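These are my notes from a session spent looking up enclosed space, open space and helix packing. I wrote each entry as I went along.

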Number of protein chains: 2
Amino acid sequence: MQTRSIRADARRNRDLLLAAAMDVIAEEGPNASLNEIARRAGVGPGTLYRHFPARDALLAAVFEGRLARLCTRAEEMAEALPPGEALIAWLRLLIAHAMTDHGLGARMMLTTSSAEADCSATLRDVADRLLGPAQREGSVRADLDFADLVELTAGIAQAAADPVRAERLLMLTLDGLRTAAEPTAGALGAVETGTTGRVATPRQERE
Amino acid sequence: MQTRSIRADARRNRDLLLAAAMDVIAEEGPNASLNEIARRAGVGPGTLYRHFPARDALLAAVFEGRLARLCTRAEEMAEALPPGEALIAWLRLLIAHAMTDHGLGARMMLTTSSAEADCSATLRDVADRLLGPAQREGSVRADLDFADLVELTAGIAQAAADPVRAERLLMLTLDGLRTAAEPTAGALGAVETGTTGRVATPRQERE
DNA sequence: ACCTGAACACCGTTCAAGT
DNA sequence: ACCTGAACACCGTTCAAGT
C-alpha cells in the first residue's frame with residue numbers, strides 16, 4: 001500500500017522527460033523548445049509542467065548529474081595534486097563544464113534564483129574545499145572569493161569560441177594582464193584602489 | 001529627380017524603426033520581440049524585415065551609435081592619459097558598454113558574423129590604438145591580442161551582476177589570480193607555458 | 001493522483017495585394 | 001519602389017476533462 005502503480009507511472013514520466021531534455025538541450029541549448037521535449041518524451045506538455053513548473057527547474061535537474069561528476073573530480077584532484085595545481089586543474093574542468101550544452105552550465109552557475117535545486121551551494125562547498133588550501137599554501141591571492149572564481153570561469157566559458165581560446169583566457173586570468181604593479185608615474189596612493197570596487201572615472205584627470 | 005519622396009518615406013520608416021528598436025531593446029534586451037518593435041514604430045512587420053532582413057542587422061544598427069561614442073572616448077583617453085592608464089580606463093568603459101541593454105553590447109562584440117555592419121573592425125582599430133603604446137611602454141604583456149581584450153571584457157560583462165562586481169573582476173584579471181609565477185615544485189620549464197595557448201591536460205584527465 | 005491535449009495569446013517570418 | 005497586414009507554423013502556458 002505504500003507505493004502505488006500510479007506513482008510508478010509518474011516517476012517513469014519524469015525520467016522520460018529528463019532523458020528527452022538531456023537530448024534536446026544537448027542539441028538546441030538551454031532555450032530548447034519545451035513542447036519539443038514533451039513531444040520527444042511522448043507525453044503532453046501539461047505533464048512536463050507538472051513535473052517541472054518552470055524552465056529553470058528542468059535545467060537544474062539536467063545540471064545536477066553533471067554537477068555530481070564535477071564534485072567527484074574535485075575530490076580526486078584535491079587528493080592527487082598539490083593545492084595550487086588542484087585548484088587550477090579544477091578551474092579548467094569548470095570552464096569545460098560551463099561550455100557544454102551551448103552554455104547551459106554557465107547559465108546555471110550564474111543564476112542565483114531557483115533555490116529549489118540549489119546547485120550553487122554544492123558548487124560552493126566544492127570550490128571552497130580547493131580554494132582554501134591553495135590560499136594557505138600561498139599560491140593564490142588571499143582575498144579571492146568563491147564568487148570570483150565562479151564568475152571569472154563562467155565569463156571565460158561564455159566568451160570563448162572554443163576550448164583553445166578558453167585555455168588561453170584562463171592562463172591570462174591566472175597570470176594577469178599587467179606586467180608589473182607600478183602605476184606608471186610616482187607612487188600615488190592609488191595602488192590599492194583595485195580592491196575597493198568602484199574607482200573614480202578619469203574625467204578631469206588631464207596630463 | 002535625384003531624390004524621390006518615396007525614398008524619403010522609406011528613410012523615415014527606417015528611422016522610426018531604429019528609434020523604436022532602441023527603446024524596446026533597452027527595455028527587453030537583445031531578444032526583444034521584433035513584432036513589438038514594428039508595432040511601436042507604427043509600421044507593419046514586413047517593413048521591418050525589408051529594412052533589417054535579420055535580427056542581427058537591426059542589433060548592429062543600434063550598436064553603431066554607441067560604438068561611435070566609444071571611439072571618441074578612446075581618442076580622448078589616448079591623448080589625456082599615459083598609455084597604460086588609458087588602456088585600463090578604456091577597458092572599464094568597454095565593460096560598461098557591454099553591460100548595457102541586457103547584454104546587447106557583449107553579444108555584438110563577440111559575434112563574428114553579420115559582416116555587413118562590421119563593428120568588429122572598428123573596435124579592433126580603436127583597441128589597437130591603445131594596446132600598442134601600452135605594450136611598448138611595458139605596462140602590459142607584450143603577447144596580448146585584440147581578441148584577448150574583447151573576449152575577457154565581454155566575459156566579465158556577461159558574468160558580473162552589477163558594475164561593482166565588474167570592476168572587481170577587471171582588477172583581478174589585470175593583476176592575476178596567482179600570487180607568484182613559481183610552479184609549486186622546482187623550476188620546471190613550464191613557467192612560460194601560459195603564453196602558448198593550449199597546455200597539456202593534467203595527465204589522466206579524460207572526458 | 002496523475003495525465004491528456006485542445007486552446008489561448010504570442011512569436012518570427014513570408015508574401016500576395018495594394019499605393 | 002515601397003508598404004501593408006493577413007496568414008502560417010511555431011512557441012510557452014493553462015486548464016477542463018478524462019482515467
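**Cavities, pocket and helix crossings**

I began with the second largest cavity, for which I noted a volume of about 50 Å³. The model I was reading is a predicted one, and I kept that in mind throughout.

I then asked which residues line the second largest cavity. I listed Leu177(A) from chain A, and from chain B Leu91(B), Ile95(B), Leu149(B), Leu152(B), Thr153(B), Ile156(B), Leu170(B) and Thr173(B). When I sorted this lining by class, I found seven nonpolar residues, two polar ones and no charged residue. I also looked up the helices behind it, and found that α5 (83-99), α8 and α9 of chain B each give at least two residues, while α8(B) contributes the most, with four.

Next I went to the count of cavities, which comes to four when those of 30 Å³ or more are taken. For the largest cavity I wrote down a volume of about 80 Å³, and a lining of 14 residues, with Leu152(A), Ile156(A), Leu152(B), Gly155(B) and Ile156(B) nearest the centre. Where does this lining come from in terms of helices? I found that α8 (146-159) and α9 (163-175) of chain A, and α8 (146-159) and α9 (163-175) of chain B, each supply at least two of the lining residues. By class I recorded eight nonpolar, four polar and two charged residues around the largest cavity. I marked Leu152(B) and Ile156(B) in my notes, since they are among the residues nearest the centre of the largest cavity and are also listed in the lining of the second largest one.

I turned to open space and looked up the second largest pocket, which holds about 1,100 Å³. Its lining has 28 residues, and those closest to the centre are Asn31(A), Arg107(A), Gln158(A), Asn31(B) and Gln158(B). I noted that both chains take part, with α5 (83-99), α6 (104-110) and α8 of chain A and α5, α6 (104-110) and α8 of chain B each supplying at least two residues. The class count that I entered for this pocket was 14 nonpolar, ten polar and four charged.

I then moved to helix packing, starting inside chain B. I found α5(B) and α9(B) packed at an angle of about 140 degrees, with 11 Å between their axes, and I therefore entered the pair as oblique. I recorded the crossing of these two helices as right-handed. On the α5(B) side I listed Ile88(B), Leu91(B), Arg92(B), Ile95(B) and Met99(B), which meet Pro163(B), Ala166(B), Glu167(B), Leu170(B), Met171(B) and Leu174(B) of α9(B). By class this contact has nine nonpolar residues, no polar ones and two charged ones.

For a pair that spans the chains, I looked up α9(A) and α8(B), whose axes come within 11 Å and cross at roughly 80 degrees. That angle makes α9(A) roughly perpendicular to α8(B). I noted Arg165(A), Arg168(A), Leu169(A), Leu172(A) and Thr173(A) on α9(A), and opposite them Ala147(B), Asp148(B), Glu151(B) and Leu152(B) on α8(B). I counted four nonpolar, one polar and four charged residues in this contact.

My last entry is on chain A, where the axes of α5(A) and α7(A) (residues 119-137) come within 8 Å and cross at roughly 145 degrees. Here I recorded a left-handed crossing. From α5(A) I listed Pro83(A), Gly84(A), Ala86(A), Leu87(A), Trp90(A) and Leu94(A), and from α7(A) a set of residues including Leu123(A), Val126(A), Leu130(A), Pro133(A) and Glu137(A). The classes in this contact are twelve nonpolar, one polar and one charged.

Note on methods. Residues numbered from 1 in each chain as written. Chains lettered and ligands numbered in written order. Predicted model: local features only at pLDDT ≥ 70, side-chain atom pairs only at ≥ 80, totals over all residues. Heavy atoms only, no water. 1 Å grid on protein atoms, 1.4 Å probe; cavity = no way out; pocket = protein on both sides within 12 Å on 5 of 7 lines; lining within 4 Å. Points joined across faces, edges and corners; volume = space filled by probe spheres on them. Nonpolar A, V, L, I, M, F, W, Y, C, P; charged D, E, K, R; others polar. Axes fitted to C-alpha atoms, helices over the stretch in contact; angles between N-to-C directions. Parallel < 35°, antiparallel > 145°, perpendicular 65-115°, else oblique. Left-handed = near helix turned anticlockwise from the far one by under 90°. Contact = heavy atoms within 4.5 Å.
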